[in-house]
Amino acid sequence: MPHSLRPAAFVPAGFHVENAVQDGAITIITVRHTSKSSQCPGCATIAERVHSRYLRCLADLPLAGRQVRLVVIARRFRCDVASCRRAIFTERFSADVLAPWARRTARLDCLVHHLGLALGGRPAASFARRLMLPVSNDTLLRAVRRRGCPPFPTPTVIGIDDWAWKRNQRYGTIICDLERRRPIRLLPDREPATAQAWLAAQPQIDIVARDRGGAYSLAATKALPQAIQVADRWHLMENASHAFLDAVRKSMRQIRSAIGAATVDPALLTAAEHIQYEGYLRREDANAAILERAKNGAPIKQIVRETGHSRGLVRRILRNQRSDVFRTRESSLEPYLPWLDAQWAAGLQNGSELWRHLKRQGFRGCLRVVSEWAGRRRRAEKANAGSLRRVPSARTIARLMTTGRDALSKSGL
Ligand SMILES: [Zn+2]
């Protein structure tokens, strides 16, 4: 049996609509509560004697694309209990409908809270405007802070590390409960004293996993002398791979000559790389000319006059400090190269088709990147070079050396 839609269906439960008017872009709905009584906040007695009435103006959920202002005709009640210190009190509503002193209905406040959580202050505020919810960014943040975070069970195994409020500028400290695998606390900075104060209040902690720096170690030692400190796995891996990459970088000269790619085949370069390559050749020429003059005994002053290069540059070249190695840039294709290689070998050699496949795999570069790769590949095959004659970056080589042998493709790139 269908029911007719009554105005009371649009306002919070328990309210009766007295009046509704349009005022420009705002709908103003006047309501009053249907109950005859209210509970005194001082002595919890139910009071029925009305002292007076007043208007409470509240923001509510938008209705049909318009902002809604709810005007509640609220009452003041008299408390007749002799021992109660509240002779008069204002009408109270259920907290899940309307909290005392609130400027918004509870259902709007809940939405505001979730918007703030999901988007943060300013982005949420501009989104809220589009949703016809009149809230400022400060209000959103206040709503999030007021509800706070739920209390966490006391942890016994924690991880502690820094995290960026704003990268390279301001850092805080994050503490995770490693048994329940969730962050439990953010501290405003990464000072040892701040971490120490928090840790000292949690004497039940047995194990602290931390980075390999000294600050958190110091804090944990002072606050929890009985706890075991361990280096966390992420930092161990990070340090190891960093050291490995450094070792590869130091050997790049030997790697280049071993690959036989010390010479660049200009036919295999893209247009942008051609420009870089020409610049590289010019610099090589200049280096050779300067070194030649120096070998013939010309003083720096004379070389500067003859070649027109700055004194500093000439000096750097003579000291062999200008490292002129031509390298092609690491491209966004790098992670997809093994896959591309396999497709190419299987006969799929159409740039746009490859690009469409890659896009489905999450590649975010444009078509040009893939078609350039395909073109280069084609030219390499035509020149019968067999390989792309491309020196892989140190990072790629490090990755190849740490990938299982069976997982490597034939070209390895
Ligand atoms: Zn009372």
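Author: Two residues are in contact if their C-beta atoms, placed from the backbone, lie within 7 Å. This is a predicted model, and the contacts discussed here are read from it.

Reader: Leaving aside neighbours within four places in sequence, with which residues is A219 in contact?

Author: Once those sequence neighbours are set aside, A219 is in contact with P192, A195, Q196 and L199.

Reader: Which residues touch the most other members of the largest nonpolar core, and which elements each supply at least two of its residues?

Author: The largest nonpolar core has 14 residues, and those that touch the most other members are I160, L199, I205, V208, A219, A220 and L224. At least two residues of this core are supplied by each of β8 (157-166), α4 (192-200), β11 (207-210) and α5 (214-223), with α5 giving the largest share, 4 residues. There is also a second, separate core of 11 residues, whose members include A59, L108, A124 and V135.

Reader: How should I read the packing of helix α6 against helix α14, and at what angle do they pack?

Author: Angles of 65 to 115 degrees count as roughly perpendicular and those over 145 as roughly antiparallel, while values between these ranges are called oblique. Helix α6 (residues 233-250) and helix α14 (residues 394-402) pack at an angle of about 120 degrees, their axes being 9 Å apart, and α6 and α14 are therefore oblique to each other. The crossing in which α6 passes α14 is right-handed. On the α6 side the contact is made by F244, L245, V248 and R249, and on the α14 side by A394, R395, I397 and A398; these residues divide into 6 nonpolar, no polar and 2 charged.

Reader: What is the sign of phi in W101 and in M132?

Author: Most residues other than glycine have a negative phi. W101, although not a glycine, has a positive phi of about 65 degrees, and M132, likewise a residue other than glycine, has a positive phi near 65 degrees. W101 is found in the loop between β7 (88-90) and α1 (106-119), whereas M132 lies in the loop between α2 (121-130) and α3 (137-147).

Reader: Why does W101 count as exposed, and why is M132 partly exposed?

Author: A residue is exposed if 12 or fewer other C-beta atoms lie within 10 Å of its own, and buried if there are 20 or more. W101 counts as exposed because it has 7 C-beta neighbours inside 10 Å, while M132, with 16 other C-beta atoms within 10 Å, is partly exposed. A345, which is found in helix α11 (residues 337-346), has 12 such neighbours inside 10 Å and so counts as exposed.

Conventions. Residues are numbered from 1 along each chain as its sequence is written. This is a predicted model: local features need pLDDT of at least 70, side-chain atom pairs count only at pLDDT 80 or more; totals for chains, interfaces and linings use all residues. Axes are lines fitted to C-alpha atoms, for helices over the stretch in contact, and angles run from 0 to 180 degrees between N-to-C directions. Angles under 35 degrees count as roughly parallel, over 145 as roughly antiparallel, 65 to 115 as roughly perpendicular and the rest as oblique. A crossing is left-handed if the near helix is turned anticlockwise from the far one by less than a right angle, and right-handed if clockwise. Ala, Val, Leu, Ile, Met, Phe, Trp, Tyr, Cys and Pro count as nonpolar, Asp, Glu, Lys and Arg as charged, and the others, Gly among them, as polar. A nonpolar core is a set of buried Ala, Val, Leu, Ile, Met, Phe, Trp, Tyr and Cys residues joined through C-beta atoms within 7 Å.
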